[in-house]
Structures are given as C-alpha cells and as structure tokens.
Amino acid sequence: MLDVHKSKPKDLESIARSGSPLRRIAARIPTYLTDVRENPAWLPMFLLARTMPFRRAHWLMAEPVPQISAPEPSMFGAIQAETVSAELKRTGIFIGLTLPPAIHEEIARFGQETPCFGNFERKLEFLAKDHAEAERRFGRTILSGHHFERVLQCEAAIAVQKDPLLLNVARHYLGGEAKLITTRLWWSFPTKSASDADLSRASFKYHFDLDDWRMLKFFFYLSDVDGDAGPHVYIRGSHNRRSIKHQITLLVGHPAEEVLKFYGEDSVLTLTGSAGTGFVEDPFGFHMGTLAKQTPRLMMEVGFGVSKPSKRRYHGEPVVR
Ligand SMILES: O=C(O)CCC(=O)C(=O)O
C-alpha cells in the first residue's frame, strides 16, 4: 500500500503555493505569462492593485449603479443591496445570506454525486465519499476536490449564480460595470497525512486575492461547518487598510503573526454555520480557509470583478499546466 504520509509538493501548484518565496514566484511565471497574453491589462493590475494609492484611484473610476425600477425577486428575501454594500465598505464582509433549504440540499447532492478533481489536478478524479480510498489509490494527500466547470450542470448552483441580489450587491459595491468572474464548487477534506508543505499552502494562510482591481466573493456553505470542518476566516477592516510591507510585497500570502500584529486579534472573524450559511467579502481583505480537521466542507463561490474575466480562473484553476 502506498504511504500517503510521504507525499511531496512536486507539482507546479504545490510549489507555487508552498515553496520558498522565490520558487513560489518562479513556479507561477508560466501562469503570469498566460494571463498577460490573454489580457495585457492584467499586468498593470497585478503590479499596482496591491498598493492603496493606486487602488483608491481605481475605485474613483467606478461607474454609477444602473437604476432598476422594480428589483426582481431574490431567493434571499428582502435583503437590500445598499445595506450589504454599506457593511462591505465598513468591514469588508457581510454575513447573513441564507440559501433556501431546497437550493443548498440540491447543490450538496450534486457535490456528493458528481466526481471532483483532487488538488486542482484533473487526473485525480473521485467521488467525495471515496476520498480516503482516492488518497490510497493516487498515493497523494488530497486536501481539496474541485468540480470545475461541472458546477454549471447543477441548476440550483446556477440559480444562486444568477440571483439578482448578487449582481445588485456587486454593482453597489464595485460599480455599475461589475461582472461575474468565478463560479466554483469544491470540497475541503480532512486528512491524516498532510505534510508541513501541504499545510503551508497559500489558501491555508492569510492571503489577499489579486485577480482584479476590485473584486467581491460570495461564499456559501453546503455542509455544516463547525471549528473542525475548516471554517473560513476573514480579517475585518483589512480590505481598505494595509501596511506598507503588505503593499509592496510580491506575495499574497503572509504569516498570521504579521497580519494579526497589524490588525489585532479582535479583527479575526471565524465563519462557522450550518449548511446554507452564506456571506460576501471583499477578497482584497486578508482571509484564509482553515484545514478541515474532522469533517469535509463543501463550499460554493460566486465572484464578481470589473475587468475582463480570466477563462482559467473562472472555476478556480490557479496554475497553468
Ligand atoms: O477555502 C476557503 O475558505 C478560502 C478560499 C480562498 O481563500 C479564496 O477563495 O481565495
């Protein structure tokens, strides 16, 4: 039997997320080149959107919100986009978007019945219930399972993606030009065999997203998430206040000590909740997924931005292969 404890970070994605800073940057160069070729405007964004002066200048160019005479009904009830946007501007996060049971149960069923791809690798395909067996079969620690474009076959997921409240909030927060840029559905798995390299992956450490000048991500739990199921963590207020060091850095991931020293322990928000719990955040604020210790977590993301969406990032594939 293969010993999954010995799994080494030898693939590009692992190096890009867990190697030394220089190796991490070097491993991402093919991805960066593809991004520039696909959209040359990506380069100035990538270099400058991490600095507060340039970000603020870009926010000043936000287009006005189009006037809608009668908003269409939303599955989230009477929540006002203006209220959500005001809270996002203040803290970077709004909590309190609850999916109707029929919707989150259908997406969860889809997630259970549809094979996912482990660690972003299309050759590691398995059903979530067979995770332990898949780790043995592939001889690898498998921390995540993405459904990639398959999520678009799930009608309930599409209903969430197209819910008028999401675009309305995005327009109020990001500006009238807000557009859909990501739709992801993925599992985070507890594993007994994670190495230190696996655990130091960027998504398990505080990081900020830098895929666009202005972004917004809606997250929905499709399984119950307690402290042992890898809750999402967000640092309130970090979306509009940044130390100089974290503005000139080339890396998006930073050690917890550095982040907490600047923002304070009381800024940390750990998001637990039952299946159906949803929240929306400005992902330029520091955030992370935590390791699922006991229970797998199934989560969906619907992301909005203001620039041409990247084809590759649409379903969360982070590195060119
Ligand atoms: O898995 C999580 O809770 C975090 C996801 C994340 O870091 C991201 O989408 O940038």
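The secondary structure of the chain, taken from a predicted model, comprises twelve helices and eleven strands. Of the 321 residues in the chain, 56% are buried. Contacts across the sequence are well represented: among those with a separation of 6 or more, 86% join residues that lie 24 or more positions apart. The surface that the chain exposes amounts to about 14,400 Å², and carbon and sulfur atoms supply 59% of this area.

A good place to begin a closer look is the ligand. Around the ligand are 13 residues, of which His207, Lys217, His232, His287 and Arg297 come nearest. By class, this shell holds four nonpolar, four polar and five charged residues. Several polar side chains can be followed to oxygen atoms of the ligand. For arginine 297, a polar side-chain atom lies 2.6 Å from a ligand oxygen, and for histidine 207 the corresponding distance is 2.9 Å. Glutamate 301 also takes part, with an N or O atom of its side chain 3.4 Å from an oxygen atom of the ligand. Taken alone, the ligand would expose 300 Å², of which the protein buries 91%. The elements that contribute two or more residues to the shell are strand 5 (179-188), strand 6 (216-221), strand 10 (287-289) and strand 11 (297-305).

Turning to the helices, helix 4 spans residues 52-59, and its buried residues are Met52, Arg55 and His58. Viewed down the axis of helix 4, these buried residues fall within an arc of 125°, so they line one face of the helix. The cover over the buried residues of helix 4 includes helix 11 (244-248).

Helix 7 (residues 131-138) can be read in a similar way. Its buried residues are His131, Ala134 and Glu135. The arc that they cover around the axis is only 100°, which puts them on the same side of helix 7. These buried residues of helix 7 pack against strand 3 (125-126).

The chain just beyond this helix also deserves a visit. Glycine 139 comes just after helix 7 and takes a positive phi of about 65°. Arginine 140 is located in the loop between helix 7 and strand 4 (144-146). Is this arginine 140 buried or exposed? With a relative accessible area of 13%, arginine 140 is below the 20% cut-off and therefore counts as buried. Its side chain makes a polar contact with the side chain of glutamate 121, at 3.0 Å.

A final stop is histidine 104, found in helix 6 (residues 101-113). The relative accessibility of histidine 104 is 11%, and this residue therefore counts as buried. Which residues are in contact with histidine 104, leaving aside its neighbours within four places in sequence? They are Leu99, Leu222, Ala275 and Gly276. For one of these, alanine 275, the C-alpha atom is 6.9 Å from that of histidine 104, although the two residues are 171 residues apart along the chain.

Note on methods: Residues are numbered from 1 along each chain as its sequence is written. This is a predicted model: local features need pLDDT of at least 70, side-chain atom pairs count only at pLDDT 80 or more; totals for chains, interfaces and linings use all residues. Side-chain values use heavy atoms; hydrogens and water are left out. A residue is near a molecule or strand if one of its heavy atoms lies within 4 Å of it. A polar contact is a pair of N or O atoms within 3.5 Å; within protein, one must be able to donate a hydrogen and the other to accept it, and residues adjacent in sequence count only if both atoms are side-chain atoms. Accessible areas come from the Shrake-Rupley method with a 1.4 Å probe; for residues, only the protein chains shown count as cover. Helices (H or I, at least four residues) and strands (E, at least two) are DSSP runs, numbered from the N terminus. Ala, Val, Leu, Ile, Met, Phe, Trp, Tyr, Cys and Pro count as nonpolar, Asp, Glu, Lys and Arg as charged, and the others, Gly among them, as polar. Buried means under 20% relative accessible area, exposed over 50%, partly exposed in between (1.4 Å probe, protein chains only). The arc is that of the directions from the helix axis to the C-beta atoms. Contact means heavy atoms within 4.5 Å.
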